[in-house]
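Hi,

I'm passing a structure on to you, with some notes on what turned up in it. Have a look, then read on.

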Amino acid sequence: MVIDQTMSDFDQMQYQAKTVSELTIIIQAKKIPNALLFYGNENTGRKEAAFLFAKGCNCLKGTGLACNNCKSCRKIDAKSHPDILCINHLKGKKIISISQIREMGLAISSKPNEAKFRMVLILNADLMNRQAQNALLKMLEEPPEKTFFVLIANKISYLVPTIISRCRKIRFKPLTDKLIEQCLINEFKVDKQMAAIASKTADSDLKKALMYLNLNQNDETKDVDWIKRRKWLLNALVSIIKTDTNNCISKGLMLSQKLSFDPDLIDDAIAIMKTFFRDLMIFKLHPQKIVNLDFFDAFTDISQMVETKKHSVWIKDLYETEKRLASNCTLRLTLDKFFLKIVTNRGKLIYD
Ligand SMILES: [Zn+2]
């Protein structure tokens, strides 16, 4: 099982079998909704499914499935079909703006060029700001001819309820850690320990797991050596926690500074730190169940040095930090605060 956009058949999406059969039934019943909302985690096959759906709706063979051979199927595969429109946030921007939606509105104001059903695909639809959502809502209320919308969103709560209620909701279930782990071992020949670490750190996201193992060739962060970065980050955490009170503050602030140099990498750094603190929390009870098995000795030391009840405070602080960063708090200050909290919440080291 490899998720990849060249995938050209619903059969290859067996990991979303239920969803795929729901979509096939919609096409075969020839009742294409005006709008569909594909929701679920990143990289669960939503974008791929949208293209397959568009192919199925437009395939000249008319079976409800894509033949992959007719003119329509081939144009969609080649991303050269004039009636397949795709909207996403612009590079470097964190929102989809009203002008993008208006521009799309103009493009669909006339009949489709050749498609039976034109598709407007809105990736990261939850990044539409309020004005953009209102503009889209007008289009959903008076849908243009022979056009359907597919909205792909991670957080549907960011969409106004009036949009959600106009969409047929299609859920994409998360891939399990186990499925990802097996895929890494079987298809990417990753060794067992690293496969377990990467799949659990990636939070049900295969592309992320591949990125952590430096195996994702299309990755924008391919210059980052994640294997090295993870080791560096975990070593730094261990060192902060194990250092005496006088020096651990400066170590914490130094790590905060280094992490804030790369704001684009912060989400993944948080994901790695989460596994670390979660491991600490469970280590005393279930040492064999930790994710970062290569840091077993460090966890042994820390769990003897720091009271167990502190571990759950740390992980709570980390979740709090993640929330703050998501609501656009200043990166450096938020991280400073987090590392200072770790140090102050640590209490006296037992050997102090
Ligand atoms: Zn076809």
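At what angle do the axes of helix H7 and helix H8 cross? The model is a predicted one, in which local features need pLDDT of at least 70, side-chain atom pairs count only at pLDDT 80 or more, and totals for chains, interfaces and linings use all residues. Residues are numbered from 1 along each chain as its sequence is written.

The axes of H7 (residues 177-188) and H8 (residues 192-201) cross at roughly 140° and come within 9 Å. (Axes are lines fitted to C-alpha atoms, for helices over the stretch in contact, and angles run from 0 to 180 degrees between N-to-C directions; helices (H or I, at least four residues) and strands (E, at least two) are DSSP runs, numbered from the N terminus.) H7 and H8 are therefore oblique to each other, that is, outside the ranges for roughly parallel (under 35 degrees), roughly antiparallel (over 145) and roughly perpendicular (65 to 115).

Now the sheet: five strands form an open one, with parallel pairing, in the order E2-E3-E4-E1-E5. Pairing here requires that DSSP finds at least two bridges between two strands. E2 (84-87) and E5 (168-172) are the edge strands, each pairing on one side only. On average, neighbouring strands of this sheet are turned by 20° against each other, direction ignored.

Within the sheet, E1 (residues 35-40) and E4 (residues 147-153) run parallel and are joined by five bridges. Leu36 has Val150 as its bridge partner in E4.

Enjoy exploring!
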